[in-house]
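Biologist: Please show me the structure, so that we may discuss it point by point.

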Amino acid sequence: MTFDWRSADDATLEAHFNPRAAVGDEAVERYLGKYLAAAEAARKAWPGSYDVAYGPGPREVLDLHRPASGSNGTLFIFIHGGYWRRFSKADHSFAVGGFVERGVTVANVDYTLCPDVTLDEIVAEMRACLAFVHAHAGAWGCDPARLFVGGHSAGAHLTGMLLADPASAALIAGVHCMSGIYETSVVRRISVNEEVRLDEAMAARNDVFANPPRKPVPMVVSVGGEEPGGWQAQSAGYAAIAEAAGCTVEKVTVPGANHFSMLFDAVSTGGRSFEAFAAKM
């Protein structure tokens, strides 16, 4: 799927690249309510070690969830979305359950949000987080060679930026990019940039299309079937770039799913994109 966002007007870009505008405020609030309810239930069902510091900042922390029946040695880092300026790991605790049920240890991570920091700084935090998790994997009963990374929306972008860094990519065994935004230049033309504050140079530095994977890893690239054409084109474009870089890419479109509902498919047992990724772990 192609979409020439550079020739589109700003109103069209807002409709295609602002998920809240695409889904509608009332519906988004319903989905976010489901997120919070599912997250609370998950914390009760899957206790963990909370707010483990991987860096000096108050949001440079992660929640570690280990399978009660014993780990299979695989470790998964989940990076939440929110266009780099919203939400937290606590809102996304429901991303843990499907993996823990499969014997996978999960690090559900936080990061400092815009506008308190820049996107450059968030990317640096994620690189530090990955290095920290890799260094502690053995102590957590996991195999450092079986470290997988995935994220939703902005978290998918951050996953791609980890793969674009040689030192970080060397630590990663595979990834799941869930309904991501990858061409950061388009963000400069929509309303969310009031908080993200990307300038031309920063957008270029963090453009995943311009920064392909530095290691050929197995990858799932998923997107909701009801998402706007421009957003779907982001996933199609990154999948092609990753394949050209040597990655084995499985592309999954979740029928009937919008940007917010597709996350449940990506992290829940039986989900089309979840099962595709679990098979690679």
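Modeller: This is a predicted model. In it, both Phe 17 and Trp 231 are buried, and these two residues make a suitable starting point.

Biologist: What kind of aromatic pair do Phe 17 and Trp 231 form?

Modeller: The ring centres of Phe 17 and Trp 231 are 6.4 Å apart, with 45 degrees between the planes. Planes under 30 degrees apart would count as stacked and those over 60 as edge-to-face, so the pair of Phe 17 and Trp 231 is classed as tilted.

Biologist: How many residues apart in sequence are the parts that this pair ties together?

Modeller: Phe 17 belongs to helix α1, whereas Trp 231 belongs to helix α10. The pair therefore ties together parts of the chain whose separation in sequence is 214 residues.

Biologist: Which residues do ring pairs link into a cluster with Phe 17 and Trp 231?

Modeller: The structure holds 14 aromatic pairs. Through ring pairs, Phe 17 and Trp 231 join a cluster with Phe 3, Tyr 83 and Trp 84.

Biologist: How far apart are the end C-alpha atoms of helix α10, and what span should its residues give?

Modeller: Helix α10 covers residues 229-244, which is 16 residues. At 1.5 Å a residue these should span 22 Å. The end C-alpha atoms agree with that expectation, being apart by 22 Å.

Biologist: Against which elements do the buried residues of α10 pack?

Modeller: The buried residues of α10 include Trp 231, Gln 232, Tyr 238 and Ala 242. Just after α10, Gly 246 takes a positive phi of about 100 degrees. The packing partners of the buried residues comprise helices and strands: α1, α2, α6, β6, β7 and β8.

Biologist: Which residues have the most contacts inside the largest nonpolar core?

Modeller: The largest nonpolar core has 62 residues. Helix α5 gives the most to this core, with eight residues. Those with the most contacts inside the core are Ile 77, Trp 84 and Val 133.

Biologist: With which residues is Ile 77 in contact, leaving aside its neighbours within four places in sequence?

Modeller: Ile 77 is in contact with Val 133, and both residues are among those with the most contacts inside the largest core. The full set of contacts of Ile 77 is Ala 107, Val 109, Leu 130, Val 133, Leu 147, Phe 148, Val 149 and Gly 150.

Biologist: How many residues has the other core, the one that lies apart from the largest?

Modeller: Among the members of this other core are Tyr 35, Phe 76, Phe 94 and Ala 276. The core is separate from the largest one, and its count of residues is 30.

Biologist: Is Ser 93 buried or exposed?

Modeller: Ser 93 lies in the loop between β3 and α4. It touches Ala 39, Ala 42, Arg 43 and Asn 108, not counting residues up to four places away in sequence. Because its relative accessibility is 2% and the limit for burial is under 20%, Ser 93 counts as buried.

Biologist: Which parts of the chain does the salt bridge of Asp 10 with Arg 189 link?

Modeller: The structure holds 15 salt bridges. In one of them, the closest N and O atoms of Asp 10 and Arg 189 are 2.9 Å apart. The two residues are 179 residues apart, and the parts linked are helix α1 and the loop between β6 and α8.

Biologist: Where do Arg 59 and Asp 110 lie, and how does their accessibility read: buried or partly exposed?

Modeller: The closest N and O atoms of the salt bridge between Arg 59 and Asp 110 are 3.2 Å apart. Arg 59 lies in the loop between β1 and β2, and Asp 110 in the loop between β4 and α5, so the pair ties together parts that are 51 residues apart in sequence. At 25% relative accessibility Arg 59 counts as partly exposed, while Asp 110, at 7%, counts as buried.

Biologist: How many disulfides does a search of the whole structure find?

Modeller: For Cys 114, the nearest cysteine sulfur is that of Cys 129, 17 Å away. For Cys 142, the nearest is also that of Cys 129, 14 Å away. A disulfide needs sulfur atoms within 2.5 Å, so neither Cys 114 nor Cys 142 is in one. For the whole structure, the number of disulfides found is zero.

How values were computed: Residues are numbered from 1 along each chain as its sequence is written. This is a predicted model: local features need pLDDT of at least 70, side-chain atom pairs count only at pLDDT 80 or more; totals for chains, interfaces and linings use all residues. Side-chain values use heavy atoms; hydrogens and water are left out. Helices (H or I, at least four residues) and strands (E, at least two) are DSSP runs, numbered from the N terminus. The expected span of a helix is 1.5 Å times one less than its number of residues. Buried means under 20% relative accessible area, exposed over 50%, partly exposed in between (1.4 Å probe, protein chains only). Contact means heavy atoms within 4.5 Å. A salt bridge is a side-chain nitrogen of Lys or Arg within 4 Å of a carboxyl oxygen of Asp or Glu. Rings of Phe, Tyr and Trp (its six-membered ring) pair if their centres lie within 6.5 Å; planes under 30 degrees apart count as stacked, over 60 as edge-to-face and the rest as tilted. A nonpolar core is a set of buried Ala, Val, Leu, Ile, Met, Phe, Trp, Tyr and Cys residues joined through side-chain atoms within 4.5 Å.
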